[in-house]
Structures are given as structure tokens and as C-alpha cells.
Amino acid sequence: MTPTNSAEQALDEALALVSRAPEGAGTGGASRGAGGHRASGWQRARDTAAHAGSRVRPRTRSVPLSDALGEVLATPLDALTDLPSFDTSAMDGWAVAGPGPWSVRAGGGVLAGSERPEPLTDGEAVRIATGARIPGDATAVIRTEHCREAGTQIFADRPVLTGQDIRPRGQECRSGDLLLPAGSLVTPAVLGLAAAAGYDELTTRPRPRVEILVLGDELLSAGRPHEGLVRDALSPMLGPWMERLGAEVVGTRRLGDDPAGAAALLEAVTTSTADVLVTTGGTASGPVDHVHPVLREAGAELLVDGVAVRPGHPMLLARTGSGADEDTVRHVVGLPGNPLAAVSGLLTLAEPLLRALAGRRGRPRYTAPVQGDVPGHPYDTRLVPVLLSEEHAVPLRYHGPAMLRGVAAADALAVVPPKGARSGQELEILDLPWASGGCFT
């Protein structure tokens, strides 16, 4: 989209005024970050995060069906019985035996959940409800609207085929059949299938636990921004966002930029019981940016130290704990402090890491043609908020690193390659979790 105001024009010019591209810059290579570290290409960073999550030994648990929604099956879902487990009527109507017309059997009809009915004799009919057990020797079910009663006899209005509107035992599955493989997401439909198959509990991989640490002395928790202070936009946003990505958020804390804040950060990195620590701010090289020094002191392994993406390039991913004791292994996702840059970090590092930790498959990748030209960074990938129409991805304004106005109105972010995209060019689309349905929680 061509810039329409001076602010956007200034932003696009600033994106172009960067240092000379290092060797390997671009979506798949690496570039030199602001702090002198080697920044990963955008797709490589996502792949690294997914791989890091897949290396962690999964936990499993048995939970009631009511608690399994949104988790992933740790074991296959096998049929415990035939489905249906007996021949049932697919319609309200009449169960009949042999050719018509049929004589109506005296007494009541057959209802769902009733005891086994008496077998029919040739030429006999009995009223039957949907889901009821088929009487022995019945040859068909005639729908109520396809027949007529005349005294004590039933006449069909159309030919009757043997077995019509009868759901035979085992039509859906036989006992022992594989219904769903391990790794399947437990959706409402899966809960229904599991219940139908006789399950009271499921063995699942629990949601990864996430603790959020928001860093900064300039943040207000209430009221209007004033006198150099800004509202904390990340604490209200990150917890619900993580939950939509399938995580269990165990806490959100604010830490200052002072030595006490750095000490609290170190304690969290070394002692938290969460699977993932998510920090905001402090990932660059400023005088109060504590994340890198704290990670070094904690002996963390930096897996991603900067990403060639705008906004959000100072993001990072680290691994802490002993490889010999998987229970002590946790990951740290360091997000930039600017709100849209933090969103970029969520989609680049946090989402693929959390999906892998939860045992979920990666999202299918797809593209959409962009409407209008989109300026690009000379060497880095750009993530731009877009609205999805039936035909195009429409870029939105207000996409600066500190802005949330664009992404709040967006359905997705478009992945813009270095040097930009022309109108009509197919761009990869990253759905936002609320627009794509997100995770069942």
C-alpha cells in the first residue's frame, strides 16, 4: 500500500536507512543485529523455535473429558466398542419384517433406551423412534412420512429396500479401530467422539505453562499516559494471547529496570516452574536492558539472538536448565518492549515454540494476494497487519513498532519479503488467533 501520510512515509524511509546488509541477510539467512549479534532469518527463527519445543520430553496426564478440551492426545484414540453397538433406527417411523402391507403389532412402540424389543414376525410392523434398537428379524425401517396407516395396517408409499434407514452395528467403527492418532487436538467434536466411544478420560499432553514478566519503569497500570510514562499495553494483551495459543498462563508480573528488577528476573529464569518465561523489553543493548546479562549469568543457551524482521528484530529465544534433567529445562522468549514489535515476537518465536511443546502440528501455510504495493525493508522481512477480504489481503495503516491500532483491526499479518511486494503478489499470511479460531480453551 502506498503511504498516505507523512508519518508513514517517514517510517518507510527510516526502514531503508539501515547499515549495509551483511552476508546472508534475508528471510532465510541472517543479519547483524543492533547489539552486534548474529540475527537469524525470519523463517529460520521460526523453525528453530519449533525444533526447540519438539526436543523437550513431553509430559502426559489422564484427565476427565471435561478437562481435555484444547489439549493434544498423547495416545491414540481406539474404539472401545462397535459403533453403533447394536442395530439402530436412523429415523422415526415403522420397523417392518418382510413384504407389505404390514399388520401393526399390539402394544407400544420401540423407544430409544428401552429394553430389547421382541422380534418381529413376517408381515408385522411396530412403531420405532430414532436411535431405538431394531427388533430381531426386522428387514427395514419406513419413515413416518413415507407410509400411511389404514386401520391396523401399514402401507408404504414407495418401494421398501432391505436394510433402509437401519444403522447396522459397527457401521462407524469396530472395536479396536483407530479413531484418531496421537497428536490430534482435542476439539469439541473429539470430545463427542470420545464420549460416544465410551471414554470417561483421555490421556493428553497438558498445555505448556507460561509465566509473563513485563519489564520497565515507565509503565502505568491505570490512568492516562502522562509526564513520560506510558500505559502498560502488554500485561492486558499477552496473557489472553498466550491462552489463545494454547498455553496455561500461571502468572503475569511487572519488574523494574533497577538492580532489584534484574535480581528478580534472574530468580525467575533460574527457579520458575513454568515451561516458558516470556519477557518484554530489555532485549536490546541499552543501559538498563538486563535480559542478556541475566541469561549469561544463568548459563542459558541462546538459540535465537535477534531476528531479521521488522518490527521486533531484538527478540530472542534461550534455553535454560540441565539437559540431563528434562524437568529443569525451560525456555525464555524475550520480546521487544514496543507493542507491535512484541506481537511480531509472539508470532515469530512464541507460537511455534508453544505449539511444539503442546504436541500440536504447525499451522498450514497459505498465501493471499496483497492489495496495493507494500514497501519493504532492504534486507529484513516485514510483518504488516492486514484485513482479509474474499480476494485480497488489505494492508492497514498504523503499523509502527509502538502502535497497536493497526493490529487491533487486523485479521492477520502479511509476511513482506525484503525490498517489498507489488500489488497482487502472493504473500504468506499469519492468522491472528482470534481471527482463525485459535485454540479451544
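**Exercise 1.** Classify Asp165 as buried or exposed, and place the residue in the chain.

*Solution.* Asp165 has a relative accessibility of 19% and therefore counts as buried; buried means under 20% relative accessible area, exposed over 50%, and partly exposed in between, with a 1.4 Å probe and protein chains only. The model is predicted: local features need pLDDT of at least 70, side-chain atom pairs count only at pLDDT 80 or more, and totals for chains, interfaces and linings use all residues. Residues are numbered from 1 along each chain as its sequence is written, and side-chain values use heavy atoms, with hydrogens and water left out. Next, the position: Asp165 sits in the loop between strand E12 (153–156) and strand E13 (166–167). Helices (H or I, at least four residues) and strands (E, at least two) are DSSP runs, numbered from the N terminus. Last, the backbone: phi of Asp165 is positive, about 55°, although the residue is not a glycine.

**Exercise 2.** Determine whether Asp137 is buried or exposed, and describe its backbone.

*Solution.* With 60% relative accessibility, Asp137 counts as exposed. The loop between strand E9 (124–128) and strand E10 (140–143) holds Asp137. Its phi is near 70°, a positive value in a residue other than glycine. Most residues other than glycine have a negative phi, and most peptide bonds are trans.

**Exercise 3.** Find the geometry of the peptide bond from Leu83 to Pro84, then that of the bond joining Gly100 and Pro101.

*Solution.* The bond from Leu83 to Pro84 is cis, with omega near -10°. Pro84 belongs to the loop between E5 (77–78) and strand E6 (88–89). Gly100 and Pro101 are also joined by a cis peptide bond, with omega about -5°. Pro101 is in the loop between strand E7 (93–96) and strand E8 (102–104).

**Exercise 4.** Identify the residues that Thr75 contacts, leaving aside its neighbours within four places in sequence.

*Solution.* Thr75 is in the loop between strand E4 (72–73) and strand E5, and its 36% relative accessibility makes it partly exposed. Beyond those neighbours, Thr75 is in contact (heavy atoms within 4.5 Å) with Ala182 and Thr203. Between Thr75 and Leu202 the C-alpha distance is 8.4 Å, at a separation of 127 residues in sequence.

**Exercise 5.** Locate the largest nonpolar core and its main contributors.

*Solution.* A nonpolar core is a set of buried Ala, Val, Leu, Ile, Met, Phe, Trp, Tyr and Cys residues joined through side-chain atoms within 4.5 Å. The largest one has 42 residues, and Met242 and Val333 have the most contacts inside it. H7 gives this core its largest share, ten residues. The core lies between domain 1 (38–59 + 207–358) and domain 4 (366–431) because both give residues to it; the domain bounds come from an automatic or database domain assignment. Outside four places in sequence, the contacts of Met242 include Val210, Ile212, Leu346 and Leu354. A second, separate core of 18 residues includes Cys173, Val186, Val190 and Leu191.

**Exercise 6.** Work out how the lining of the second largest pocket divides into nonpolar, polar and charged residues.

*Solution.* The lining has eight nonpolar, three polar and ten charged residues. Here Ala, Val, Leu, Ile, Met, Phe, Trp, Tyr, Cys and Pro count as nonpolar, Asp, Glu, Lys and Arg as charged, and the others, Gly among them, as polar. By element, H7 supplies the largest share of this lining, five residues.
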